[in-house]
Amino acid sequence: MPEPTLGRLMIGITLFRPSPDQVDRVLAQAASGCAGVIAFDDGGLAEADAERLTRAGVTVLSAGRNLGIAEALNRIAAAARTAGAETLLLLDQDAEPKAGLAAALLAARDRLRAAAIPVAVVGPAPAPAPGHKAPSYPPRPGAPACGALPPACGALAQACGALAPVQFLATSGSLIDLDALARIGPFRADFFIDGVELEWCFRAWSQNFGCYLARDIAIPHRVGGGVIRGFGIAMPRQPLFRMATYLRNAVYAWRLSHVPLRWKLAQAAYLPLQAGLYWADSGWRPAVLLRLIEAVCDGALGRLGPPRDRV
């Protein structure tokens with residue numbers, strides 16, 4: 001297959017109170033050879049840093065307040081489409097992608113297309129970062145595997161063998177097909193932050209667009225401020241509003257027909273363990289328990305939107 005070109009690929013980066021080092025990472029992406037870089041300031045970007053980014057050719061978007069990751073991604077995607085992009089590589093301010101990540105994921109997307117597999121997103125395997133738990137992506141049962149090409153396809157069949165269908169992928173590090181996004185619909189802004197990519201990927205699968213993991217490409221993931229362990233599980237240590245939003249959105253997702261029943265049943269068993277582990281890690285504080293219970297009630301009643309205690 002011909003080498004992919006980056007002429008219609010843009011990079012989208014979400015920013016929230018970025019440090020100088022994180023701004024420098026965005027500046028580094030401006031020289032990556034793609035069609036352009038779009039950064040969305042979800043709050044806290046210093047005026048001087050915004051000017052640095054603009055001078056380097058980065059398109060800086062801002063609503064002047066924290067809209068949440070879902071709406072930030074939607075606005076980045078809309079700007080990329082307006083600029084003529086076909087694909088969008090999403091990164092967060094902590095991401096440290098290796099050189100060639102965009103081209104490798106674009107080549108993976110093209111291999112899936114050559115195999116006549118509709119694809120919404122292709123993402124790298126999560127590499128562990130020190131002190132952080134790397135996410136895991138469960139396989140998608142019954143989905144077409146790219147490696148199942150006939151032997152006559154030769155090198156194409158061998159290359160596609162590294163692509164595996166998964167239930168969902170983290171947004172950071174993933175390559176989104178913008179035509180697929182337009183058909184699937186935007187990320188849910190009322191989810192605000194946690195579970196956004198999970199819901200969207202399940203929605204993509206329900207519309208016959210696949211989510212594929214490129215197992216031979218990796219990127220470090222940093223979620224939360226450490227790891228909480230217990231009950232045989234490990235989970236990121238997050239601020240209380242993040243844990244509450246995660247619980248709320250996970251419970252609400254039980255109402256969605258495109259979320260598989262098997263996933264709902266697994267979550268019904270897993271969420272109480274996570275909530276208990278989080279409460280224990282907080283020192284069994286009653287206020288934490290009450291906030292988590294409130295979050296579950298909000299999810300059950302469909303009370304979504306920005307969490308009241310967000311920071």
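This note goes through the sheet, a hairpin and one buried arginine in a predicted model.

1. The open sheet is built from eight strands, which follow one another in the order β3-β2-β1-β4-β7-β5-β8-β6 with mixed pairing. Because β3 (59-62) and β6 (163-165) stand at the edges with a single partner strand each, one side of each has no neighbour in the sheet. From one strand to the next, the twist averages 30°.

2. Within this sheet, strand β4 (residues 87-92) runs antiparallel to strand β7 (residues 175-177), and the two are joined by three bridges; Thr 87 has Asp 177 in β7 as its bridge partner. Helix α1 (residues 20-29) packs on the sheet, where it touches β1 (9-15), β2 (36-41) and β4, and its direction makes about 170° with that of β1.

3. Strands β9 (residues 227-230) and β10 (residues 233-236) are antiparallel and joined by four bridges, with Ile 228 standing opposite Met 235 of β10. The two strands form a hairpin that has two residues between them, and in the turn Phe 231 has a positive phi of about 55°.

4. Arg 248, which lies in helix α8 (residues 240-252), deserves a comment on its charge. The residue is buried yet has no salt bridge, since a salt bridge is counted within 4 Å and the nearest side chain of opposite charge, Asp 298, is 5.8 Å away.

5. Leaving aside residues up to four places away in sequence, the contacts of Arg 248 include Asp 190, Phe 191 and Phe 192, as well as Ala 295, Asp 298 and Gly 299. Arg 303, Leu 304 and Gly 305 are also touched by Arg 248.

Definitions and conventions. Residues numbered from 1 in each chain as written. Predicted model: local features only at pLDDT ≥ 70, side-chain atom pairs only at ≥ 80, totals over all residues. Heavy atoms only, no water. Pairing = 2+ DSSP bridges. Buried < 20%, exposed > 50% of the residue type's maximum accessible area, 1.4 Å probe, protein only. Lys, Arg positive; Asp, Glu negative; His and termini not counted. Contact = heavy atoms within 4.5 Å. Axes fitted to C-alpha atoms, helices over the stretch in contact; angles between N-to-C directions.
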